[in-house]
2 protein chains.
Amino acid sequence: MKILVLGGDGYLGWPTSLFLSVKGYEIYIIDDFSKRKIELEEGVIPLESLLPLQERIKVWEKSTGRAIGIHVGSLTNHRFIYAALEEIQPDVIVHFAEQPSAPYSMKGRSQAVYTQSNNVIGTLNLLFAMRSYCPNAHLVKLGTLGEYGTPNIDIEEGYIKIQHKGREDLLPFPKQPFSFYHLSKVHDSNNIMFACRVWGLRATDLNQGVVYGIDTAETRMDPDLKTSFHYDSIFGTALNRFVAQLVCGVPLTVYGSGRQERGIINLIDTMQCIQLAIENPASRGECRIFNQFTESHSILGLAKKVLSVGKNMGINGTVEHIRNPRVEQEDHYYNPVHTKLVELGLEPHFLSEKIIEGMINRVTNSREAINTETIRPKIAWTMEKNRLTIAR
Amino acid sequence: MKILVLGGDGYLGWPTSLFLSVKGYEIYIIDDFSKRKIELEEGVIPLESLLPLQERIKVWEKSTGRAIGIHVGSLTNHRFIYAALEEIQPDVIVHFAEQPSAPYSMKGRSQAVYTQSNNVIGTLNLLFAMRSYCPNAHLVKLGTLGEYGTPNIDIEEGYIKIQHKGREDLLPFPKQPFSFYHLSKVHDSNNIMFACRVWGLRATDLNQGVVYGIDTAETRMDPDLKTSFHYDSIFGTALNRFVAQLVCGVPLTVYGSGRQERGIINLIDTMQCIQLAIENPASRGECRIFNQFTESHSILGLAKKVLSVGKNMGINGTVEHIRNPRVEQEDHYYNPVHTKLVELGLEPHFLSEKIIEGMINRVTNSREAINTETIRPKIAWTMEKNRLTIAR
């Protein structure tokens with residue numbers, strides 16, 4: 001079975017490619033390195049430097065005897081993605097190939113437009129290419145729990161049965177996304193749902209929580225197989241960032257009260273979920289939506305967990321509540337349903353002291369490389385707070 | 001009060017500009033003539049030829065003594081729209097400036113991508129320009145009833161109170177749009193709602209039904225003030241098309257059974273609704289949604305009404321049910337709520353025999369100009385039906 005991983009150079013795309021390669025799937029990667037370009041724009045780098053993708057797959061082939069194909073190009077170039085699908089004829093397409101940073105998308109017009117153009121038009125090109133060259137392939141698309149926002153009702157998995165004035169229908173769950181990035185994912189979801197309905201494509205839209213973690217069994221096989229780990233305010237996710245802050249002795253910056261709750265998931269469970277989606281594909285015409293996370297925590301709760309584990313290891317830290325750069329509810333109901341992946345067999349790795357301890361040790365090895373200046377947020381959501389940073 | 005009409009060259013934008021000009025508002029038009037370019041691509045022209053916009057405003061000024069400003073350019077050019085808003089400083093922005101054809105958006109990849117890029121990125125640029133130069137202006141945005149699709153429950157005006165597992169919230173109404181064009185409007189709505197929530201912009205999103213009609217009091221003032229009337233399968237709306245078919249003696253083409261129901265609205269009521277939205281603006285941070293139509297009919301019902309009026313006038317016609325080129329439910333519940341504009345004072349002009357008779361007479365004057373070859377649909381929604389027409 002041929003699996004094409006779009007965005008296979010990234011934090012999740014790379015370990016997913018290795019994980020599926022080990023399972024015996026024939027893996028092809030597409031990437032245009034656009035996230036690396038944003039790193040240059042924003043002056044941020046991953047904690048540890050990475051070999052070029054082309055070199056990493058050589059290391060992988062040497063370690064395991066398994067080949068991975070690479071096509072370098074952008075989904076926004078439709079000729080490129082048409083030619084790639086025609087040539088590869090994938091059975092499954094795992095789609096990570098989107099601008100992934102909410103703060104970046106809120107920096108200014110140019111970044112918001114780039115995010116929505118790149119993500120929405122790229123995915124639209126992909127849908128048309130699938131329609132032409134592999135209409136039976138299963139699209140496994142990475143979305144985000146942040147598409148839903150924080151409604152005052154349980155968040156169902158993509159669809160909700162609504163009873164209204166004596167009638168009833170199963171309808172797409174209403175979305176109240178957090179940023180132009182999250183909006184781009186909502187636009188994608190709507191386009192994909194339509195393509196399944198009208199053309200009979202098959203898709204699984206994975207509305208994923210905040211991912212944490214550094215290594216997988218595969219990336220640990222060789223130091224040159226590691227994946228990109230970010231702790232900065234652009235690409236760093238909450239828990240990863242807190243661990244870096246603890247390790248380098250600066251306060252753990254909690255946005256606002258930190259009472260905002262978020263679903264989180266371990267990097268290794270992301271791999272598992274994607275495998276489960278692949279092995280239990282959607283039917284023709286079906287657009288399934290799974291909420292892909294394993295547990296919910298408040299942001300402050302995550303910071304406190306990191307502090308507590310650090311203390312047991314002899315590393316003292318503090319929390320600093322900073323003015324919330326985002327516009328989001330801090331006190332809200334939060335109960336997203338997440339049973340579909342468990343029903344398919346997901347065995348969650350819950351956040352434990354041992355896992356946090358492992359992350360702290362891992363980051364400590366590269367402590368000298370941390371640039372603390374990139375950790376505090378510089379981009380605010382509202383007009384008043386970042387008037388000066390709004391670029392045309 | 002300064003009103004900027006985006007897309008002021010179009011079927012609705014032009015008569016709206018005149019209507020508001022007569023009311024004493026200071027009117028500025030922006031257009032990039034992109035719809036006219038699509039007419040050239042598709043080989044369709046309005047029933048009656050129009051003077052260039054620049055000439056029409058001269059006729060208007062001569063007739064009424066009222067000036068209208070013109071800025072020629074595209075919202076997708078952010079420098080253009082930033083400069084225009086900085087210069088004009090509008091109090092109200094009425095936004096019609098989008099690719100308006102569902103069939104065109106379904107023709108192939110290039111048209112789908114054009115539609116979503118033009119509409120979504122254009123509107124995103126506009127939102128950022130408003131944020132920078134006129135954050136207090138009221139955005140009156142034309143959306144469509146087709147954003148909702150045909151759910152099995154009453155369609156509320158933009159938001160629905162959902163009771164779920166013992167909890168309750170007022171949430172955006174779930175959308176199941178009909179085409180890539182309708183999807184572009186959903187993407188816009190989501191982006192606008194976000195901009196209101198996060199930046200405090202004010203907006204009214206008018207989810208409009210199918211518009212019919214040819215003239216308004218203002219366009220009748222001089223033959224050179226008429227608006228664009230389309231009867232073709234790309235831009236022609238159902239009732240307008242049926243009238244043209246009757247007049248030129250070809251069967252009225254009903255897609256499928258014709259039992260699909262749609263909300264419709266008279267061109268002159270569109271003007272009225274926009275005026276009401278302008279005179280009763282949204283608050284800062286508010287994104288209101290009004291369902292802008294006055295009555296619902298089945299497509300077959302509309303065709304039969306046209307036949308019946310024609311018969312009384314001595315013009316016999318027939319209905320031909322053709323294979324539905326669209327993917328849509330033909331038997332469905334349909335009850336969109338539409339009370340908000342009525343509460344503001346809308347006095348509907350319901351579809352009457354007299355109105356249809358007037359349209360038939362009006363089209364008969366230009367009967368010789370009708371190109372019947374452009375009326376039957378050539379673009380299908382599904383893979384099988386238009387495989388040959390799918391362009392890269």
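**Notes on the two-chain model**

1. Let's start with helix α4 of chain A, since both chains have a hand in it. The buried residues of α4(A) are covered by, among others, β1 (2-6), β2, β3 and α6 (109-133) of chain A, together with α6 (109-133) of chain B. Keep in mind as you read on that this is a predicted model.

2. Which residues of helix α4 (residues 78-88) of chain A are the buried ones? They are A:H78, A:I81, A:A84, A:L85 and A:I88. These residues span an arc of only 130° around the axis, so they sit on the same side of α4(A). That fits the usual helix arithmetic: an α-helix has 3.6 residues a turn, so residues three or four places apart point the same way. Over on the other side of α4(A), you'll find A:R79, A:E86 and A:E87 exposed. Right after the helix comes A:Q89, with a positive phi near 55°.

3. A:I81 is a handy residue to click on in helix α4 of chain A. It counts as buried because 26 other C-beta atoms lie within 10 Å, where 20 or more is the cut-off. Setting aside neighbours within four places in sequence, A:I81 is in contact with A:L75, A:N125, A:L126 and A:A129. A:E55, on the other hand, is 26 residues from A:I81 in sequence and 23 Å from it in space, C-alpha to C-alpha.

4. A:E55 brings us to α3. Helix α3 (residues 53-64) of chain A has 12 residues and reaches 16 Å from its first C-alpha to its last, close to the 16 Å expected at 1.5 Å a residue. Its buried residues are A:L53, A:R56, A:I57 and A:W60. Because they cover an arc of only 95° around the axis, they fall on the same side of α3(A). The cover over the buried residues of α3(A) includes α1 (13-22), β2 (26-31) and β3 (68-72) of chain A. On the face turned away from that buried side, α3(A) carries the exposed residues A:Q54, A:E55 and A:K62. Just past the helix, A:G65 takes a positive phi of about 75°.

5. Now the strands. Is strand β4 (residues 92-95) of chain A covered on one face or both? Both: A:V92 and A:V94 are buried on one side, and A:I93 and A:H95 are buried on the other. β4(A) also has pairing partners. It runs parallel to β1(A), joined by 4 bridges, and A:I3 has A:V92 of β4(A) as its bridge partner. β4(A) also pairs in the parallel sense with strand β5 (residues 138-144) of chain A, again over 4 bridges. There, A:I93 is bridged to A:L139 in β5(A).

6. How do the two chains relate? A turn of 180° with a shift of 0.0 Å along the axis lays chain A on chain B with an RMSD of 0.0 Å. The two copies are therefore related as by a two-fold rotation axis. The same surface serves both copies, as 100% of the contact residues of chain A recur in chain B.

7. A look at the contact itself: 48 residues come from chain A and 49 residues from chain B. On the side of chain A that touches chain B, α4, α6, β6 (159-164), β7 (167-172) and α7 (180-199) each supply at least two residues. The most comes from α6(A), with 12 residues. By class, that side of chain A has 26 nonpolar, 12 polar and 10 charged residues.

8. Two backbone spots deserve a look. Most residues other than glycine have a negative phi, and most peptide bonds are trans. A:K165 is not a glycine, yet its phi is positive, about 50°. A:K165 sits in the loop between β6 and β7 of chain A, and with 10 C-beta neighbours inside 10 Å, A:K165 counts as exposed. Over in chain B, B:F33 is not a glycine either and has a positive phi of about 60°. B:F33 lies in the loop between β2 (26-31) and α2 (34-42) of chain B. With 14 other C-beta atoms within 10 Å, B:F33 is partly exposed.

How values were computed
Residues numbered from 1 in each chain as written. Chains lettered and ligands numbered in written order. Predicted model: local features only at pLDDT ≥ 70, side-chain atom pairs only at ≥ 80, totals over all residues. Expected span 1.5 Å × (residues − 1). Buried ≥ 20, exposed ≤ 12 C-beta atoms within 10 Å, placed from the backbone. Arc of directions from axis to C-beta. Contact = placed C-beta atoms within 7 Å. Least-squares fit on C-alpha atoms with pLDDT ≥ 70 in both. Pairing = 2+ DSSP bridges. Nonpolar A, V, L, I, M, F, W, Y, C, P; charged D, E, K, R; others polar.
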